[in-house]
Amino acid sequence: MTLTPLSAYTWFTARGARLPVAWLFTLGVWLAFLFLRLESPAWQALLAERQRLYPQLSGKRPSLGDPLRLLIQSLWLLVRRQPVARTTGPGRRAWGAVRLRLRGVGQVGRHYRGLLIDALHRVPARYRASAFRHEASARLRGLSVLARRVFYSVLTVCAASLALLCVTEPFGYLAQLMFICLLLGIAMLVRHMPGRFPTLMLIVLSTIISCRYLWWRYTSTLNWNDTTDLVFGVILLAAETYSWFVLILGYIQTSWPLQRKPANLPANPQHWPTVDLLIPTYNEDLSVVRTTVLAALGLDWPRECLRIYILDDGRRDAFRAFADEAGVGYIVRPDSKHAKAGNLNHALGVTDSELIAIFDCDHVPVRSFLQMTVGWFLKDPKLALVQTPHHFFSPDPFERNLGSFRRRPNEGELFYGLIQDGNDMWNAAFFCGSCAVLRRTALESIGGFAVETVTEDAHTALRMHRQGWSSAYLSIPQAAGLATESLSAHIGQRIRWARGMVQIFRTDNPLFGRGLSLFQRVCYANAMLHFLAGLPRLIFLTAPLAFLLLHAYIIYAPALMILLYVLPHMIHASLTNSRMQGKYRQTFWGEVYETVLAWYIARPTTVALFAPKKGKFNVTAKGGLMEQAQFDWRIAQPYLWLAALNVVGLGFAVWRLFTGPTAEIGTVIVSSLWVIYNLLIIGAAVAVAAEVRQVRRAHRVQMRLPAGLVLASGHAYPCTLVDYSDGGVGLQVQQGLELKPGEQVRLLLNRGQREFAFQACVTRTVGQHVGLVFHALDQQQRIDLVHCTFARADAWLGWSEQHEVERPLRSLIDVLKLGGVGYLRLFEHMPPWLRARLRPLRTLALWLASYWPRTPRAIPSMNPVDRDA
Amino acid sequence: MTSLALHGVRGGLGRSALLAALGYALQGMGERVLLIDLCPSNLLGLHFNLPLDTSEGWALAEREGRPASDAVYEVLDGLCLLPFGNLPGSSRHLVPDALAWRARQAELAEQFDWVLFDLPQPLADSAVNGIETDVRVLVAEAEMASHLLLGRRPVEHYDMLLVNRYDPASRLQSDLLMVWRDLFGERLPIQVVHRDEAFLEALACKAPLGHYAPQSLACRDVQSLAVRCLTRRGP
């Protein structure tokens, strides 16, 4: 039913509006038709799209607040940049015309901003081609070595003294404001220039601001007169010093990622070294290990130079039988000391190839793994390790519970995408336990894999570095595996890593001892310090409560001054991190990940820091299939207490606002803003604890491959494989092809130039999407299927293409929205008596949220996770 | 104008059907195509829905002293067909005069972009003394007789090897194809056309494959062949 003056009243009453409201709105519609000419094509096109543009009004009963919602959403649509829509239909063009008419000024501003950004994009190229640079480099080359050294040292001294001045000079309000505006202006301009040098520039700016902030905190914000103030102030200052330290070390570590390319192997395969591929396993299922072994059988490496072994600590007969059937080696040992490291050490003793490749039992290698990695061993005789990324084709608990699988980079991508690459620059890339190749002589020189700590992989790499061996990192995903199944398993894994790293920090400290270069020490130290973030994060989450509850001045400075120092520090850090890490982790998501782990790693790491041998804190992993959506109360409990504490603090804030001295209002407001930010971050952590239902056991991998389908009648059709898993595949067929469930078909898949046919059975058809399952495949066919799907050389390369573009502000808003969502989910999972009490609060919150403007979505989701749910 | 002929290592490999499908695909890509049937069995026209009792053809026109262009049929805009014709009596073993056809090719040049010849098998067998075309495609099937006969031919003479009726489920076929890629991969590009019922049914419906089953796998393979031929197009 379209909206016309005659049908307006019925339109509103049909949607359930009350009589006075319907009368009022009908009057409004008549006025609109009279003055705005709603019957014109532009308005009609807009009205045709109203369900997409005004999602909060569609399907809702018309009520008195609707005109205000309409107004807010219209203003938002005018101001906001639209996401790219797929087709420009007449509706969109009309809408565009309306927008253009109403936004002349905004258009002009945007035009000039675009010109400026273009000019900034071209600055590095113009500089490289400019006469100044050529002249300057010619002059420098013309100088003698001594003169050049003098020049550089004078330059360094000047720069250092300027930096010292910037950092330590105390400023008043106006001077500080001008200083930060100037630096922010430079940063905003520089961040549009592409290249590495502008990144270094941003790092320098951020370092100056952060050092200045810390200097100010140490010199002017501790209240020596009052003990409570001093104690809390010093605790907070220690936490801030820790995060400053990690920030600076992080900048050093990742300032220049090496981006190593694979090295060429000699042309004659006779000269390629022998490789032992070890797959240690303990209690995992055979189906998981089978795919790995079958993919390993398909590695592109001369057969006589590759030996595959299953190292079974569980000593199971089924595995022995499978190893015989597949033609791979099977190694057992009499005991089970030292878990995986002991297993590997035993295997070292009974094998004899030059190189050792190690894969966890669920990490499936692609066919090009050895050809990509081994070249470097032949190029550099002192190379002991080549590590490749751990790529996951299933969502980890964060992605699954927050619904962001493949739309945003996941938690591990920062480490495997950027940090290890940065480590590689300083020859500090370390072993991660799987998907790597090591040199046997290097391992023998350190006496085998390290067994003293829980993270034996990093410790082994540290020992090899001390002996003078070097390491390499290739950031091309060459294997993929399953991510942790549930939040508790994930946290358990992280606790183990944290404890192990801190144990290494205590027993084999990289900062001391021989054999490491300065930058190697920095990189290792940063990797270990990163895991000590639990306690500082908890301090940050509770710091403002010290003032609100106990009236302790933790930062003894006027509120305005605090803002002038803290905000630039945070803004510059976000800008620089967004520039360096934006592709691998969206800004502010690090806060969420850290918060979720903070409580759980705080105690083990503190215990390990003081007594490395003690400590047995292990969260038992639940694992397994998530039968129904549930809320992990055990995991979320500490955060609920923290959230409750913060809510109490907020209550105190309101009380102080009304009854405290006027001079303190600024501080109360700043503290309450901090508390609200903390509450939202805790809310995001709570959102992750609400586990989503997991529908199937075998994880589906999404990928587009050309395939063919041959029906029983002999007709053949081209189709596209859109997802595959251990159990079956999903195809997209052409329009008009009808398939019935139960039909026998043959699937044609390519691997390089070879084509394979697999007997399959249709399970279901939904529109153009067809599900197939394989029944009677023999061993060779199973191998071929793995080779056509999991083990393709390009299987994991295009993973980040579907990631949304990173924008810091948008990312911040996403994280804050997630906080709200977290509390809503918590409400849904509460016991009924509590839910009844809190229902009015929820209704109030939802009513307020309905006024919030929304961005219309143009593109529907292709996520199989969404399709399953 | 570019001329093309399909040479078979032996008879019965489906060359007429392939030629018809190729002509249709090329016309679909905007080329002007003329198909000439040099086989006395006169079957090419049946792929394009020519009535069964059509007796007109270039051989008949020649016998009766008329120009050969009298017998050209227009199937679609840009797709023309010159059948052999129904010759009475036992004069079926007519060997086409290569020189005469070269002269005719020159006069056809300005009206067509592609001239496709359907060669009879004894002629297709001999690489020399036959009709010389710009593009020579060798057709084979992935089975042992083809493999043995392929070994007796000078493969350098040809521009492409087309493997027809390919079924990847058959181990012999996939192994043979691997062997051929190994032996000829460097010297001769290989194009595969899958076994598809649609190819057989197309002749039963007297339509070219691209018209009868445009969505089939074989049609896509033929289109791929057409694109490869386009890269060998003459000036």
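This is a short walk through a predicted model, taking the sheet of chain A and the helices on it, then a helix pair, then a few single residues.

Let me begin with the sheet in chain A, where seven strands are arranged in the order β3-β2-β1-β4-β8-β6-β9, forming an open sheet with mixed pairing. At its edges lie β3, residues 329-331, and β9, residues 470-473, each of which pairs on one side only. From one strand to the next, the twist averages 25°.

Within that sheet, I would like you to look at β1(A), residues 275-281, and β2(A), residues 306-312, which run parallel and are joined by seven bridges. If you want one position to follow on the screen, take Pro280(A), whose bridge partner in β2(A) is Leu311(A).

Two helices that pack on this sheet deserve a mention. Helix α15 of chain A, residues 339-350, packs on the sheet by touching β1, β2, β3 and β4 of chain A, the last of these being residues 355-358, and the direction of α15(A) makes about 145° with that of β1(A). Helix α19 of chain A, residues 413-425, also packs on the sheet, in this case touching β6, residues 383-387, and β9 of chain A, with a direction that makes about 150° with that of β9(A).

Staying with α19(A) for a moment, the loop that lies between this helix and β8, residues 436-439 of chain A, contains Asn427(A). Its phi is near 55°, which is a positive value in a residue other than glycine. Is Asn427(A) buried or exposed? Neither label fits, because its relative accessible area is 25%, and Asn427(A) is therefore classed as partly exposed.

Let me move on to the helices with higher numbers in chain A, and to the pair α24(A), residues 534-550, and α26(A), residues 589-610, whose axes come within 6 Å and cross at roughly 120°. The two helices are therefore oblique to each other, and their crossing is left-handed. On the α24(A) side, the contact is made by Gly534(A), Leu535(A), Arg537(A), Leu538(A) and Leu541(A). On the α26(A) side, the residues that make it include Glu591(A), Glu594(A), Ala598(A), Trp599(A) and Ile601(A).

Just ahead of us in the discussion is the loop between α25 and α26 of chain A, which is where Phe588(A) lies. This residue has a positive phi of about 75° although it is not a glycine, and Phe588(A) is buried, with a relative accessible area of 18%. Phe588(A) is also one of the residues touched by Ser574(A), the other being Thr587(A), when residues up to four places away in sequence are not counted. Ser574(A) itself sits in helix α25 of chain A, residues 559-581, and with a relative accessible area of 17% it counts as buried.

Finally, a residue from chain B. Where does Thr133(B) lie? Its place is in the loop of chain B between α4, residues 121-125, and β6, residues 135-141. Thr133(B) is buried, its relative accessible area being 4%. A polar atom of the Thr133(B) side chain lies 3.1 Å from the backbone oxygen of Val135(B). Leaving aside residues up to four places away in sequence, Thr133(B) touches Ser3(B), Leu4(B), Ala5(B) and Phe117(B).

Conventions: Residues numbered from 1 in each chain as written. Chains lettered and ligands numbered in written order. Predicted model: local features only at pLDDT ≥ 70, side-chain atom pairs only at ≥ 80, totals over all residues. Heavy atoms only, no water. Helix = DSSP H or I, 4+ residues; strand = E, 2+ residues; numbered from the N terminus. Buried < 20%, exposed > 50% of the residue type's maximum accessible area, 1.4 Å probe, protein only. Polar contact = N/O pair within 3.5 Å; in protein donor to acceptor, adjacent residues only side chain to side chain. Contact = heavy atoms within 4.5 Å. Pairing = 2+ DSSP bridges. Axes fitted to C-alpha atoms, helices over the stretch in contact; angles between N-to-C directions. Parallel < 35°, antiparallel > 145°, perpendicular 65-115°, else oblique. Left-handed = near helix turned anticlockwise from the far one by under 90°.
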